[in-house]
Amino acid sequence: MIIWLNGGFAAGKTTLAQELHRRLPDALVYNPEDVGLMLWKWMQPNDDFQDLPSWRELVVATALSLRRHHAHTLIVPMSLVRDAYRAEILGGLADAGEEVLHVFLEADADVLRERLSARTPVPGDPESGQSALEWALSRMDPAAGARQPDGTVVLRSDRLTPAELADEVLAAGQQRFDSAK
């Protein structure tokens, strides 16, 4: 199964991925951001690597390869804020026969702003400071939770602890697995 953790920036995807990985140590955590950074090594960086068709194609291909050859469970913490990109990527995985549990983490906009503002810049990386904060804030979409596809597990990351979120995700995954039998 592929557990895709979606949600706005600072919604808690990475923290939840770490908690799920702690509970599922044989799972593999795959961050598609690495695919974007790899592409930017070869071409002029743009405003958002998700806009690159090659990024979306490679995200699917990499997930499929990792899942088929290296792990029964893949945990993917990655915001897919554009509906068309989400449909393209999750659809590509499903079309390839993968079982995808899509989880969307919601939080109040004020909580997300507070979490984003609390992030410290990466030492030696001037791009990780104010411009990164402004970029993330510009992509906030308070209505995104309401636009998620059927079957999405929507959880409030501002009301549940990471452990409680992981409990919900694992229960949903088990329910999906049981119903597929």
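1. A quick definition before anything else: a residue is called buried here when its relative accessible area is under 20%. Gln 148 comes in at 12%, so it counts as buried. Bear in mind while reading on that this is a predicted model.

2. Where does Gln 148 lie? It is in the loop between α6 (130-138) and β5 (153-156). Leaving aside residues up to four places away in sequence, Gln 148 touches Asn 6, Arg 86, His 102 and Phe 104. With one of these, Arg 86, there is a polar contact from side chain to side chain, at 3.4 Å. So we have a loop residue that is buried, at 12% relative accessible area, and two of the residues it touches, Asn 6 and Phe 104, turn up again in the sheet below.

3. On the overall make-up, I count 7 helices and 5 strands in the protein. Reading from the N terminus, the elements go β-α-β-α-α-β-α-β-α-α-β-α. The chain has 181 residues, and 39% of them count as buried. Looking at contacts with a separation of 6 or more, 79% come from residues 24 or more positions apart.

4. Now the sheet. It is open, built from 5 strands with parallel pairing, and the order is β2-β3-β1-β4-β5. Which strands stand at the edges? They are β2 (28-29) and β5; each has a single partner strand, so one side of each is left without a neighbour in the sheet.

5. Strands β1 (residues 2-7) and β4 (residues 100-106) deserve a look of their own: they pair in the parallel sense, over 6 bridges. Asn 6 stands opposite Phe 104 of β4, and Gln 148 touches both Asn 6 and Phe 104.

6. Two helices to check against the sheet. Helix α1 (residues 13-23) lies across β1, β2, β3 (74-77) and β4, and runs at about 155 degrees to β1. Helix α4 (residues 83-95) lies across β1 and β4, at about 170 degrees to β1.

7. Turning to the aromatics, a search of the whole structure gives 2 aromatic pairs. In one of them, Trp 40 and Phe 49 meet edge-to-face, with 5.2 Å from centre to centre and 65 degrees between the planes. The other, Phe 49 with Trp 55, is a tilted pair, because the planes stand at 40 degrees, with the centres 5.5 Å apart. Together, these ring pairs link Trp 40, Phe 49 and Trp 55 into a cluster.

8. How buried or exposed are the members of that cluster? Trp 55 has a relative accessible area of 0% and is buried. Phe 49 is also buried, at 9% relative accessibility. Trp 40, at 23%, is partly exposed.

9. There is also a charge-over-ring arrangement to look at. The charged end of Arg 56 sits over the ring of Tyr 85, at 4.1 Å from the ring centre.

10. Last, a long-range pair. Ala 109 belongs to helix α5 (residues 109-118) and is partly exposed, with 23% relative accessibility. How far apart in space are Ala 109 and Pro 142? Their C-alpha atoms are 6.6 Å apart, while the two residues are separated by 33 residues in sequence.

How values were computed
Residues numbered from 1 in each chain as written. Predicted model: local features only at pLDDT ≥ 70, side-chain atom pairs only at ≥ 80, totals over all residues. Heavy atoms only, no water. Phe/Tyr/Trp six-rings, centres within 6.5 Å; stacked < 30°, edge-to-face > 60°. Buried < 20%, exposed > 50% of the residue type's maximum accessible area, 1.4 Å probe, protein only. Lys NZ or Arg CZ within 6 Å of the ring centre and 35° of its normal. Helix = DSSP H or I, 4+ residues; strand = E, 2+ residues; numbered from the N terminus. Polar contact = N/O pair within 3.5 Å; in protein donor to acceptor, adjacent residues only side chain to side chain. Contact = heavy atoms within 4.5 Å. Pairing = 2+ DSSP bridges. Axes fitted to C-alpha atoms, helices over the stretch in contact; angles between N-to-C directions.
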